[in-house]
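Reader: I have just opened this entry and would love a friendly tour. Could we take it one question at a time?

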Amino acid sequence: MDVTPITTKIEADARHAAEALLSEARARIENMQERCDDMLRVQQRDARSQAAVDGDQLEQNLRRLGQLEGRKALLGMKRDLLDQSFDQAREQLQNLPPERMGALMMAQLVRYAKGTERVMAGAIKPAFHGEQFLQEANRRLEAQGKPGKLQNAGTRREGVCGLVLEADGNETQLTVESLLAEHRAGLEGEVATLLFKDLD
């Protein structure tokens, strides 16, 4: 049975859930941006008043310091929002029904496995994983021309939801947490770049 439509729908649902959370976070970030801009204007006004007494050089220094401090505060608030958004996304993905989690993990496993690894399920929501799951994964890998020799590691990895592949002393994380962490790293870099790129 071709589960590609199911897998595609599950991945689309996961993306939509994450996009909805990030959309809400962006709206809240824009609100915070406005408040921080107001705070920055007050700081700049105060800096100009002080600089009238102490000279142009001091004005420039205080203006730069005010901008930097304001942007640091905004960055901290945005990181807090990212924390909340990704915590919610992780919880939603971890609470997928076993059949949907299994389809999502099967898609990841078939995409990234070489076909000879030992497979360990995470201790969080591992109901999707078992011998039947591995047999189906091996069948699909063989259909792609890869070795269908995945083996059950027989243990659970604490603190994660999904799969961990082991081979030759190396591990590949196919977990909810690793997928979200990868997306978050890109967003944090983008936020920092936007905040500080035009600071003069």
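Author: Happily, and let's begin with one residue. Ser178 has a relative accessible area of 24%, so Ser178 counts as partly exposed. Please keep in mind that this is a predicted model.

Reader: Where is Ser178 found, and which residue offers its backbone oxygen to the side chain of Ser178?

Author: Ser178 is found in helix 5, which covers residues 176-196. A polar atom of the Ser178 side chain lies 3.0 Å from a backbone oxygen. The residue that carries this oxygen is Thr175.

Reader: How far apart in space are Ser178 and Val160?

Author: In sequence, Ser178 and Val160 are 18 residues apart. Taken from C-alpha to C-alpha, their separation in space is 8.8 Å.

Reader: Let's step back to the whole chain. Which pattern does the chain follow along the sequence?

Author: The secondary structure comes to five helices and four strands. Of the 200 residues, 38% count as buried. Read along the sequence, the pattern is α-α-α-β-α-β-β-β-α.

Reader: Which strands are the edge strands of the sheet?

Author: The four strands form an open sheet with mixed pairing, in the order 2-1-3-4. An edge strand pairs on one side only, and this holds for strand 2 and strand 4.

Reader: By how many degrees are neighbouring strands of this sheet turned against each other on average?

Author: The sheet in question is the open one with the order 2-1-3-4. With direction ignored, the average turn between its neighbouring strands is 25°.

Reader: Do strand 1 and strand 2 run parallel or antiparallel, and what is the hand of the crossover between them?

Author: Four bridges join strand 1 to strand 2 (residues 151-157), and the two run parallel. Between these strands the chain passes through helix 4. This β-α-β crossover is right-handed.

Reader: Which residues stand opposite Val119?

Author: Towards strand 2, the residue opposite Val119 is Asn152. Strand 1 also pairs with strand 3, in the antiparallel sense and over four bridges. In strand 3, the residue opposite Val119 is Leu165.

Reader: Now for the loops. Why does Lys125 count as partly exposed?

Author: Lys125 is found in the loop between strand 1 (118-122) and helix 4 (131-143). Its phi is near 50°, a positive value in a residue other than glycine. Lys125 counts as partly exposed because its relative accessibility is 45%.

Reader: And Asp168: is it buried or exposed?

Author: Asp168 lies in the loop between strand 3 (162-167) and strand 4 (170-175). Although Asp168 is not a glycine, it has a positive phi of about 55°. Exposed means over 50% relative accessible area. Asp168 has a relative accessibility of 79%, so it counts as exposed.

Reader: Which residues form the aromatic pair, and what kind of pair is it?

Author: The structure holds one aromatic pair, formed by Phe128 and Phe133. Both Phe128 and Phe133 are buried. Their rings lie 5.4 Å apart, centre to centre, with 75° between the planes. Planes over 60 degrees apart count as edge-to-face, and this pair is edge-to-face.

Reader: One last stop, at helix 3. What distance does helix 3 reach from its first C-alpha to its last?

Author: Helix 3 covers residues 98-112 and has 15 residues. Its buried residues include Met101, Leu104, Met105 and Leu109. At 1.5 Å a residue, a reach of 21 Å is expected, and the model comes close to this. From first C-alpha to last, helix 3 reaches 21 Å.

Terms used
Residues numbered from 1 in each chain as written. Predicted model: local features only at pLDDT ≥ 70, side-chain atom pairs only at ≥ 80, totals over all residues. Heavy atoms only, no water. Expected span 1.5 Å × (residues − 1). Buried < 20%, exposed > 50% of the residue type's maximum accessible area, 1.4 Å probe, protein only. Pairing = 2+ DSSP bridges. Right-handed = clockwise from strand over helix to strand, strands pointing away. Polar contact = N/O pair within 3.5 Å; in protein donor to acceptor, adjacent residues only side chain to side chain. Axes fitted to C-alpha atoms, helices over the stretch in contact; angles between N-to-C directions. Phe/Tyr/Trp six-rings, centres within 6.5 Å; stacked < 30°, edge-to-face > 60°.
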